Amino acid sequence: MTDKNKTIYILILLWVTLAGLFLIWGVNSFMTLIDVPNWPAEVPPSFQVKFDKIVPILYVGYLTSTSIALVFSSVFIIVAYAIYRKEHWVWSTGLIFSTIFLTIFGFLLASFMINAVIFKDEFSIIGLIIDRKSVV
C-alpha cells in the first residue's frame, strides 16, 4: 500500500467519523427537540413572561441546528464515498464543504452552550464537560 492510498483511507475515515458524530448529535437533538416547549429554565420571575415569548424562537433555532447536523452528516458520507471512488471534483468540493462546516459549526457550538447554560440540557452539559477536560 502506498502513502497515497493510506492518506485516502485516513481522509475517508475522518469524513465517516464526522458523519457518525453529526448523525448521533442530530438524532439526539431531534429527540430533545420534541421536548423543547416543555423545557424548564431557571430565570428570574420578572423575566419569565419575556422568556415565554422567546421559547418559539429557541425552538426554531434548535430545529435549524438539528437539521444542519443531519444535512452535514449526509454530506460527509457523500464526500467519503466520492473520495473512495477517487472522483476529481471531491477535492475542491470537500474544501468548500469544510470551510462552510467550520463557519456553521461555530454557531452550532454557541447554541450548544446556550442549551447547557440556560436549559441545563444533559447532553450539552456532558459535551462541554468532556470538551473542557480534554483541553486542560
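Which residues is phenylalanine 22 in contact with, leaving aside its neighbours within four places in sequence? In this predicted model, phenylalanine 22 is in contact with Ala69, Phe72, Ser73, Phe76, Phe101, Phe105 and Leu108, once the neighbours within four places in sequence are set aside. These contacts serve as a starting point for describing the fold, its interior and its surface.

The protein chain contains 4 helices and 0 strands, and its elements, read along the sequence, follow the pattern α-α-α-α. Of the 136 residues in the protein chain, 28% are buried. When contacts between residues at least 6 apart in sequence are considered, 72% of them join residues that are at least 24 apart. The protein chain exposes about 9,400 Å², and 73% of this area is supplied by carbon and sulfur atoms.

In the interior, the largest nonpolar core has 17 residues, and those with the most contacts inside it are Trp15, Phe22, Phe76, Val79 and Ile83. Two or more residues of this core are given by each of helix H1 (3-33), helix H2 (48-84) and helix H3 (90-118), with H2 supplying the largest share, 8 residues. As a general tendency, nonpolar side chains in soluble globular proteins are buried together.

Aromatic rings were also examined, and the count comes to 7 aromatic pairs. One of these pairs is formed by phenylalanine 22 and phenylalanine 72, whose rings are tilted, with 6.5 Å from centre to centre and 55° between the planes. This pair links distant parts of the chain, since phenylalanine 22 lies in helix H1 and phenylalanine 72 in helix H2, 50 residues apart. Both phenylalanine 22 and phenylalanine 72 are buried. The two residues also belong to one aromatic cluster, which is formed by Trp15, Phe22, Phe72, Phe76 and Phe101.

Two residues with hydroxyl-bearing side chains, serine 73 and threonine 66, may be described alongside these rings. Serine 73 is found in helix H2, and it counts as buried because its relative accessible area is 5%, where buried means under 20%. Apart from residues up to four places away in sequence, serine 73 touches Ala19, Phe22 and Leu23. Threonine 66, which is likewise found in helix H2, is buried with a relative accessible area of 2%. Leaving aside its neighbours within four places in sequence, threonine 66 is in contact with Gly26, Ser29 and Phe30.

On the surface, Leu23, Val27, Met31 and Leu70 form a nonpolar patch, and together these residues have about 340 Å² of accessible area. The largest share of the patch, 3 residues, comes from H1. Leucine 70, by contrast, has its place in helix H2, and this residue counts as partly exposed because its relative accessibility is 31%, which falls between the 20% limit for buried residues and the 50% limit for exposed ones.

The structure holds 1 salt bridge, which is formed between glutamate 87 and arginine 85, the closest N and O atoms being 3.5 Å apart. In general, side chains of opposite charge can pair when their charged atoms come close. Both partners are partly exposed, glutamate 87 with a relative accessible area of 24% and arginine 85 with a relative accessible area of 49%.

Lysine 86 is found in the loop between H2 and H3, and this residue has a positive phi of about 60° although it is not a glycine. Most residues other than glycine have a negative phi. Lysine 86 is exposed because its relative accessible area is 52%, and exposed means over 50%.

A further point concerns isoleucine 8, which is found in helix H1 and counts as buried at 8% relative accessibility. Although isoleucine 8 and lysine 86 are 78 residues apart in sequence, their C-alpha atoms are 8.7 Å apart in space. Leaving aside its neighbours within four places in sequence, isoleucine 8 is in contact with Ile83 and Lys86. A residue of helix H1 is thus in contact with a residue of the loop between H2 and H3.

Note on methods: Residues are numbered from 1 along each chain as its sequence is written. This is a predicted model: local features need pLDDT of at least 70, side-chain atom pairs count only at pLDDT 80 or more; totals for chains, interfaces and linings use all residues. Side-chain values use heavy atoms; hydrogens and water are left out. A nonpolar core is a set of buried Ala, Val, Leu, Ile, Met, Phe, Trp, Tyr and Cys residues joined through side-chain atoms within 4.5 Å. Buried means under 20% relative accessible area, exposed over 50%, partly exposed in between (1.4 Å probe, protein chains only). Contact means heavy atoms within 4.5 Å. Patches are made of residues with over 30% relative accessible area and no salt bridge: like charges are joined within 9 Å, nonpolar side chains (Val, Leu, Ile, Met, Phe, Trp, Tyr) within 5 Å. Accessible areas come from the Shrake-Rupley method with a 1.4 Å probe; for residues, only the protein chains shown count as cover. A salt bridge is a side-chain nitrogen of Lys or Arg within 4 Å of a carboxyl oxygen of Asp or Glu. Rings of Phe, Tyr and Trp (its six-membered ring) pair if their centres lie within 6.5 Å; planes under 30 degrees apart count as stacked, over 60 as edge-to-face and the rest as tilted.
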